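This report covers a single protein chain, from its overall make-up to one sheet and one surface patch. Please view the sequence and the structure before reading on.

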Amino acid sequence: MQCLYTYLVILCSQTIAVSFCKHKTSELQPDSLLFMGCPLLLCLAVLLFMSLEAAGQTTYMPPILTAEEAAEQTTYIEPIEPTTTVTPTMTTSAEEAAEQTTYNEPIEPTITVTPTTTTSVTPTTTTTPASPFFDVGPGAIPLYLGDGAYKTIHLDQLFIYDGKAYTQLYLNVDGYLAFFVPNINDELPNSQLGQDIISPLWTDLDFNVGEKKYEQATCGPLIDKANQEINRMFPNVDFSASWVFVATWENVPLEFSYTEITSFQVVLASDSGLHSFILMNYGTIPYISPGYWLAGYGMENSNFVTIPVNNANELSSSSNVNIPGRWAFQFTASPLFDVGPGAIPLYLGDGAYETIQLDQPFVYNGKAYTQLYLNMDGYLAFFVPNINDELPNSQLGQDIISPLWTDLDFYVGEKKYEQATSGPLIDKANQEINRMFPNVDFSASWVFVATWKNVPIEFSYSEAGYGMENSNFVTIPVNNANELSSYSNVNFPGRWAFQFIDAIETCSGSSGSLSLSRCELFEAGFSADNLHLKDSNCKGELQNNRLVFSFDSNVKTCGTTRENNDTHIIFSNNVGTTEGLAVISRAGGLNINFSCVYPLIQSISMPTAIEGIGGVISRYLSTEGSYQITMIPYTDATFQVPLFGNVTLEVNHQMYIAVQVDQFDRTQIGLLLDSCWATPVNQIDYSIHWDLISNECPNPKDGTVAVLQNGVSTTSYFSFRMFTFTSFSTKIYLHCQVHLCLLETGNCAQSCPADLSRRRRDVDFYDSAAITMEF
């Protein structure tokens, strides 16, 4: 049998790693979960999500019966259409079970609905069964509405239904509640509505006779009752309600038959996100003509799921949870993130990969990565993969993240990826992580999501987990891949989450610090006295129960190294012990790498106030680092007296401009003026402009421009004569594009050739920015 797998991997730029999957299988032995406590102090500013949804498994699903067959056999729940997956179970004999057909429903990543045991209609006995109803409390609010009318009710907590978080619902007198504005003329039920709706008994009810009440609670008797009942019906869930809503119709006649009385109730219960339950409780229900009643629930763009009884009067004597008169449905939130409309599909060959430039640097295993390689075979790497590595290799010893590394079909199924620095993905990451790790106070600045959906596997050998350079591969501890989707280490089936050490990194120019939780270090057996930076004399300082390690390349380097590539400069150090290894070892070693990273491709501009006031631009680069660039006009070539306030500058007056970068050591970092130009309006790319500096040299068409200092320290100087644009106002707007480089390479400052031709830009620059000033 060929299996289809759906899973995703998500990276975020903070200190947590999480994986999640979606599937059904047998219970994992408890002792195999102990392994998950191992990766406590790995120094990663990384969030890893892995999700797997396995279709193609052999899951028992009873067939749909006709009304005549249902009268003679056990009643079943109708399987949900592709938006949801319903997995009912039924009580049958071994002989009957052998005759049933086994088949699979397609899995949809939004939500999984799991109604439990479906039983046959329970006959009445001489012992009166206990009422399935929840008691109507004294605080219940009565409904006084007209025929077919509804009331808008704001919920005390979010209710997750069909993968959506609702804050209000519409309660209709005709026996249903909707998550859309109902049509008051919809007294006749409509199973083809294709909307989010819950209908304990949708029919034309008398609006004037009988009691109709509702209530909701976040504590008290209703919460206790919900916990008691749901845990009794679903003993493997360990449910703890945080919110309950109850709507009750009692002794309400049918409008088309006043002698026929109905009593029923609907209960919604939630535990703030993971589990939602719907209970439908029935008392006296009369016979209602077919087509004039509907009981069950519907979801957007899906067929209505009908409680499978022959007529409404059977609702009060049948059940799917072995409680006559009660039908209960469990909805479990999917561990998968929704694939957004902007997700980019992968169309690659067998074993191939795509190189993806990241919107923000991603720190993994102490290194700052600006790109990754997403492979069709279920992993992403921070090195160039070998396309023949279809067989997973746990001995690779490289930086790799593998939600499910196996040989996947490159042609069938969906493979997509996306990244974001704002919007729904960021909100979802914050919501999920802070729910799983309430003590972290996580706020994502960047998220990357890769999803494999309904992708066949070409063979069954696989590896799930993550690896780091010169370290053993960390494997998710399950017996087989199919257990990934039904077990968890964060009490969320199908999700595996790994939180790494509580480390806070702060960078500002050439200085940086790493703050570690003293409590976590103590629990892991590391003494503050034994930890230090590369220079063993640089130990941590205790601040607010945290151990803070600091370096400053201007004053106290503490062994800090500086390196650059084509896109970034990196200040690196590490916290460790004398006996430390590349990662935490069971022998007691510790080595935590951290870096301050400054990217190249990030251009910004900022208008200043008005004539003679210096332009200021602040660079805030996530948690990696920050610095400030300023542009200041001066009165003369001594650059001692800056211009401030309202200064009148005459045409042909010689202007002296300084551009400088703060927070860096002037002996280590050089600032270069790539280009400077003026525009008549405050628009950096305005079509009418005049070049002052081009390719780091004066514009040969303007003999008044002089580059006085460029690329020899953190400040550069130039001058030009004041002018105005013809047919525009007398104001001009000055713009400069700059970049930074390492002075130690000797490639920063170069003389402009006599012909002023473009010289080769040094490869050591690591940031660029545009700054604007008005005169």
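The sections below go from the whole chain to local detail.

## Overall composition

The model is predicted. Its chain holds 775 residues, and 54% of them are buried. Secondary structure consists of five helices and 46 strands.

Of the contacts between residues at least 6 apart in sequence, 71% link residues at least 24 apart. The chain exposes about 32800 Å², with 49% of that area supplied by carbon and sulfur atoms.

## A four-stranded sheet

One open sheet has four strands in the order 30-31-33-32, and its pairing is antiparallel. Strand 30 (503–508) and strand 32 (541–543) form the edges, each pairing on one side only. On average, neighbouring strands in this sheet are turned by 25° against each other, direction ignored.

Strand 31 covers residues 511–517 and strand 33 covers residues 546–552; seven bridges join the two in the antiparallel sense. Within this pairing, S517 lies opposite R546 of strand 33. In general, strands of a sheet pair through backbone hydrogen bonds, in a parallel or an antiparallel way.

## A nonpolar surface patch

L188, F256 and Y292 make a nonpolar surface patch of about 310 Å². Of these residues, F256 belongs to the loop between strand 14 (243–254) and strand 15 (257–270).

Is F256 buried or exposed? F256 counts as partly exposed because its relative accessibility is 43%, and that class lies between the buried limit of under 20% and the exposed limit of over 50%.

How values were computed. Residues numbered from 1 in each chain as written. Predicted model: local features only at pLDDT ≥ 70, side-chain atom pairs only at ≥ 80, totals over all residues. Heavy atoms only, no water. Pairing = 2+ DSSP bridges. Axes fitted to C-alpha atoms, helices over the stretch in contact; angles between N-to-C directions. Patch = residues over 30% accessible without salt bridge, like charges linked within 9 Å, V, L, I, M, F, W, Y side chains within 5 Å. Areas by Shrake-Rupley, 256 points an atom, 1.4 Å probe, with all protein chains shown as cover. Salt bridge = Lys/Arg side-chain N within 4 Å of Asp/Glu carboxyl O. Buried < 20%, exposed > 50% of the residue type's maximum accessible area, 1.4 Å probe, protein only. Contact = heavy atoms within 4.5 Å.
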